[in-house]
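Trainee: I've got a model open and I'd like to learn how to read it feature by feature. Could we go through it together?

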Amino acid sequence: MKKLMVLMIALAMLLSACGGGGGSTASTDNKGSGGDSGKPVELQFYFPVAVGGPITKIIDGLAQDFQKENPNIKIKPVYGGSYQDTMTKVATAVQGNNSPDMAVLLSTDLYTLLSMKAIEDLTPRFSKDYFGNFYEAFLGNTKSGDTVWSVPFQRSTIVLYYNKDMFKEAGLDPEKAPKNWTELREAAAKLTKTDASGKVSQWGIEIPSTGYQYWMLQALSLQSGDNIMSGDGKQVFFNKPHVEEALQFYMDLGQKDKVMPNGAIEWATVPSDFISGKTAMMFHTTGNLTKVKTDAKFNFGVAFLPANKQFGSPTGGGNLYVFKNIPEERKKAAVKFIEFLTKPERVAQWSIDTGYVGTTKAAYETDQLKKYIESFPQAKVARDQLEYADSELSTYQNGQVTKLFNDNIQAALLGKMTAKEALQKSQEAADGILKNFK
């Protein structure tokens, strides 16, 4: 009997040791449970870099600051490359059942992520008042219907940058940027210079035509009357008259007016061309504002994109996503990190450090951003332009739709298609992709 009791006690001790005393839902991927093990929760946080400036260093600093306030949560930032590269890495990880915990991805990746059933519904994770503090223009790409799937973070619009010194030299008022397409054309003509051999030494304007040409065309389309897609991700309006008018204007600047380089203009080199004096004006993301401010050796202005029938720009940039197939404790930790990142003072400092638009109204009420705007008024242009902004192109199978649209826009800009042909081809191809989602 005594031997039996000793055996039973030993068995009970063995079972207790194997059970770990917890029933934790944490996975065994060494990210830490933060639960009964006493280890901190470790969050894998993917992020891209799409603009100039020390973004990686800033993200690392934010992660360290958060950990000082929350020693039980460890943030592991993972630089993913461009937005497209980061999305590819995240999608591969999700499909391999090794999902990251959270990521900054394009706000327009929403429907693709929903198709993958990859992301967590954030509607119940935050209060209505929390989302009510974000600018309305940024909320369109964050939700489907009334369900919120992400939180605005490094958001932008396209703005007009112009070299005030070159304006003055050309006899233009350096304090008055072109307000409409006619004024833009006229100013660009005066600002375009050729050398003795007839080679252009200074362009009037550069609008990128690689990588994000759909975004530039969308801005011109909004200025011409309307957006280029429905709000549910199921329909595009590429072949509408207002889009054709926009694409024709885009083409004419290089092919007819000769005030912009004809053909492909690289997204990444346009800011360098502006800073080095190769172009007097550029359309580009406000996310490059701090880089221009730091590197430009001349006086420059920032203005709304010139109007056609109205002002207009699509929003852009990335949102914070939390992934679905991770333990609950890591979801809660991710939400806590998002709350940390979106506090008014941090949104304000992020805007100052990067040039991205402050995503919340409260950020613009902070002393730090008020003082910054007082000393550098260019920083408020993108915020003010939000009144005329609309959601960026976002559909189901968004990568496919965007690529085919980009390819056809570029073909038109290279003179290989008419505007009408490029847009009709884009419409038919997109309709074929989206038919299964209607």
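Trainee: Let's start with strand pairing: which residue stands opposite Val302 in strand 10?

Mentor: That's Tyr161. Keep in mind that this is a predicted model. Strand 6 (residues 151–163) pairs with strand 10 in the antiparallel sense, over 4 bridges.

Trainee: Which way do the residues of strand 10 point?

Mentor: The general idea is that side chains in a regular strand alternate between the two faces of the sheet. Here, Phe300 and Val302 point one way from strand 10 (residues 300–303), while Gly301 and Ala303 point the other way. All of these are buried.

Trainee: How many bridges join strand 6 to strand 9?

Mentor: There are 5, and the two strands run antiparallel. For one of the pairs, look at Ile158, whose bridge partner in strand 9 is Thr285. Strand 9 (residues 281–285) has 5 of its 5 residues buried, so it is largely enclosed by the rest of the structure.

Trainee: Now the nonpolar core. How many residues does the largest one have?

Mentor: Generally, in soluble globular proteins, nonpolar side chains tend to be buried together. In this model the largest nonpolar core has 139 residues. Those with the most contacts inside it are Leu247, Tyr250, Met281, Phe283, Phe300 and Phe323. For the chain as a whole, 54% of the 438 residues count as buried.

Trainee: What is Tyr250 in contact with, leaving aside its neighbours within four places in sequence?

Mentor: The list includes Ile207, Pro208, Met216, Leu217, Leu220 and Met260, plus Ser209 and Gln213. Ile409 and Leu413 are on it too, and they come back when we look at how helix 10 packs against helix 17.

Trainee: Let's do that, then. At what angle do helix 10 and helix 17 pack?

Mentor: At about 40°, with their axes 9 Å apart. Helix 10 and helix 17 are therefore oblique to each other. On the helix 10 side you'll find Leu247, Tyr250, Met251 and Gln255, which meet Ile409, Ala412 and Leu413 in helix 17. By class, that contact divides into 6 nonpolar, 1 polar and no charged residues.

Trainee: And at what angle do the axes of helix 8 and helix 10 cross?

Mentor: Helix 8 (residues 181–191) and helix 10 (residues 241–255) cross at roughly 10°, and their axes come within 12 Å. That makes helix 8 roughly parallel to helix 10. Trp181, Leu184 and Arg185 of helix 8 make the contact with Glu245, Ala246, Phe249, Asp252 and Leu253 of helix 10. This contact of helix 8 with helix 10 has 5 nonpolar, no polar and 3 charged residues.

Trainee: Back to backbone angles. Which residue in the loop between helix 3 and strand 3 should I click on?

Mentor: Try Asn97, which sits in that loop. As a rule, most residues other than glycine have a negative phi. Asn97 has a positive phi of about 55° although it is not a glycine. At 74% relative accessibility, Asn97 counts as exposed.

Trainee: And is Lys117 buried or exposed?

Mentor: Lys117 is exposed, with a relative accessible area of 62%. Its phi is near 55°, again a positive value in a residue other than glycine. You'll find Lys117 in the loop between helix 4 (110–115) and helix 5 (128–132).

Trainee: How do I read contacts that link distant parts of the chain? What does Phe237 touch, not counting residues up to four places away in sequence?

Mentor: Phe237 touches Asn227, Ile228, Met229, Ser230, Val243 and Gln427. It lies in the loop between helix 9 (213–223) and helix 10, and at 22% relative accessibility it counts as partly exposed. The C-alpha atoms of Phe237 and Leu423 are separated by 9.1 Å, with the two residues 186 apart along the chain. Chain-wide, among contacts between residues at least 6 apart in sequence, 74% join residues at least 24 apart.

Trainee: To finish, what are the overall dimensions of the C-alpha trace along its principal axes?

Mentor: About 110 × 50 × 40 Å. The chain has 18 helices and 12 strands. To get a feel for distances, take Val200 and Val90: they are 110 residues apart in sequence and 43 Å apart in space, C-alpha to C-alpha.

Terms used:
Residues are numbered from 1 along each chain as its sequence is written. This is a predicted model: local features need pLDDT of at least 70, side-chain atom pairs count only at pLDDT 80 or more; totals for chains, interfaces and linings use all residues. Side-chain values use heavy atoms; hydrogens and water are left out. Axes are lines fitted to C-alpha atoms, for helices over the stretch in contact, and angles run from 0 to 180 degrees between N-to-C directions. Angles under 35 degrees count as roughly parallel, over 145 as roughly antiparallel, 65 to 115 as roughly perpendicular and the rest as oblique. Contact means heavy atoms within 4.5 Å. Ala, Val, Leu, Ile, Met, Phe, Trp, Tyr, Cys and Pro count as nonpolar, Asp, Glu, Lys and Arg as charged, and the others, Gly among them, as polar. A nonpolar core is a set of buried Ala, Val, Leu, Ile, Met, Phe, Trp, Tyr and Cys residues joined through side-chain atoms within 4.5 Å. Buried means under 20% relative accessible area, exposed over 50%, partly exposed in between (1.4 Å probe, protein chains only). Two strands pair if DSSP finds at least two bridges between them.
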